[in-house]
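Biologist: Please take a close look at a single strand in this model, then follow the links outward. What surrounds it, and what else deserves attention along the chain?

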Amino acid sequence: YVSQAPLLEYIAHQSKILQKLYRNYNTGTGTTSRTWESVRNMCAGIDAIFGEDSNKVVYSVLHSRSLEGQSGVKLMQRMSQSSGCHPTAALDMEPEYIKAILRPLGMLKFPIVVITDGQNFDVIRRLVNDEEIGPQLRLVPGNATWLGGDVTLAVMSNVFIGNPASSFSGFITKSRLALGFGHSYNFRAKNEDGEWVNTCGDTCVFDRKIMGSMG
């Protein structure tokens, strides 16, 4: 089923669904209804990194997603054509790309958490070796890494930097918009002056003309 509703009406409807979802999140108590497995805590990641400060900490999240190598490159090229974003910047996550977002916001002095599919460790290596980003970089401990925990970390962050060709980044950005959080950066490119700028607003993640089936 594909909704035929106008974009703003569609966004409002989807936002209500997401708001309801986040009013009923897993806390690590109980079991699943189908397999009777123990449920996991949605706050596992944020608690593992920030502990007792998790309710007041200021931080950014980067979502590093390689999208299976060359397939991801082709997907990003299609996304670039529809949104105007750079065709590889969100895949490479170069330090200068990240700093162009965080520096104007004053966020380079706060923790920077990376959530990743683990397919491109060159991204992590470059960030760790950067003299400004490296000291602030945080990785989620292995025992706390899972889909729900990563979602919470990203949704609750002060700044989110994602990949526009990733449905996971799209879900996070939609959630942040539904919950009233700004500063989500997915669609970026350099302007004629060589400065990184947004090419598409937060609502673009809902737009099927840009996102296709991920909208």
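Modeller: Two strands count as paired if DSSP finds at least two bridges between them. That cut-off is what we need for the strand I picked, E1. Keep in mind that the model is predicted.

E1 covers residues 60-64. Is this strand enclosed or open? Five of its five residues are buried, so E1 is largely enclosed by the rest of the structure. Buried here means under 20% relative accessible area. Take the two faces in turn. Ser60, Leu62 and Ser64 sit on one side, and they are buried. Val61 and His63 sit on the other side, and they are buried too. Both faces of E1 are therefore covered, and the strand as a whole is largely enclosed.

Now the neighbours. E1 has a parallel partner in strand E2, residues 112-116, with five bridges between them. Two positions show the register. Serine 60 of E1 stands opposite isoleucine 112 in E2. Histidine 63 stands opposite isoleucine 115 in E2. E1 also pairs with strand E4, residues 159-161. Three bridges join E1 and E4, and these strands run parallel. Which residue of E4 partners leucine 62? The bridge partner is isoleucine 161.

Step on to E2. Four of the five residues of E2 are buried, so this strand too is largely enclosed by the rest of the structure. E2 pairs with strand E3, residues 137-139. The sense is parallel, with three bridges. Valine 113 of E2 stands opposite arginine 138 in E3.

Leave the strands for the rings. A search of the whole structure finds three aromatic pairs. One of them joins tyrosine 10 and phenylalanine 206. Their centres are 6.4 Å apart, the planes make an angle of 85°, and the pair is edge-to-face. The link spans distant parts of the chain, 196 residues apart. Tyrosine 10 belongs to helix H1, residues 7-22. Phenylalanine 206 lies in the loop between strand E7 (196-198) and helix H9 (208-211). Tyrosine 10 counts as buried at 11% relative accessibility. Phenylalanine 206 is buried as well, with a relative accessible area of 1%.

Another pair joins tyrosine 97 and tryptophan 196. The ring centres are 4.9 Å apart and the planes stand at 80°, so this pair is edge-to-face. Tyrosine 97 is in helix H5 (residues 95-102) and tryptophan 196 is in strand E7, so the pair ties together parts 99 residues apart in sequence. Tyrosine 97 is buried, at 2% relative accessibility.

Back to H1 for one polar detail. Serine 15 is placed in that helix. It counts as buried at 9% relative accessibility. A polar atom of the serine 15 side chain lies 2.8 Å from the backbone oxygen of isoleucine 11.

Two backbone angles need a check. Methionine 93 has a phi near 45°, a positive value in a residue other than glycine. It is found in the loop between helix H4 (89-92) and H5. Methionine 93 is buried, with a relative accessible area of 1%. Histidine 183 also has a positive phi, near 55°, and is a residue other than glycine. Its place is the loop between helix H8 (167-178) and strand E5 (184-185). Is histidine 183 buried or exposed? Histidine 183 is partly exposed, with a relative accessible area of 40%.

Last, the pocket. The largest pocket holds about 250 Å³ of space. Its lining includes Tyr22, Tyr25, Met42, Cys43, Ile46 and Asp47. Ser54, Asn55, Thr152, Val155, Met156 and Leu179 also line this pocket. Which helices contribute? Helix H2 (44-50) and helix H7 (147-155) each supply at least two lining residues. By class, the lining has eight nonpolar, three polar and one charged residues.

Conventions:
Residues numbered from 1 in each chain as written. Predicted model: local features only at pLDDT ≥ 70, side-chain atom pairs only at ≥ 80, totals over all residues. Heavy atoms only, no water. 1 Å grid on protein atoms, 1.4 Å probe; cavity = no way out; pocket = protein on both sides within 12 Å on 5 of 7 lines; lining within 4 Å. Points joined across faces, edges and corners; volume = space filled by probe spheres on them. Nonpolar A, V, L, I, M, F, W, Y, C, P; charged D, E, K, R; others polar. Buried < 20%, exposed > 50% of the residue type's maximum accessible area, 1.4 Å probe, protein only. Phe/Tyr/Trp six-rings, centres within 6.5 Å; stacked < 30°, edge-to-face > 60°. Polar contact = N/O pair within 3.5 Å; in protein donor to acceptor, adjacent residues only side chain to side chain.
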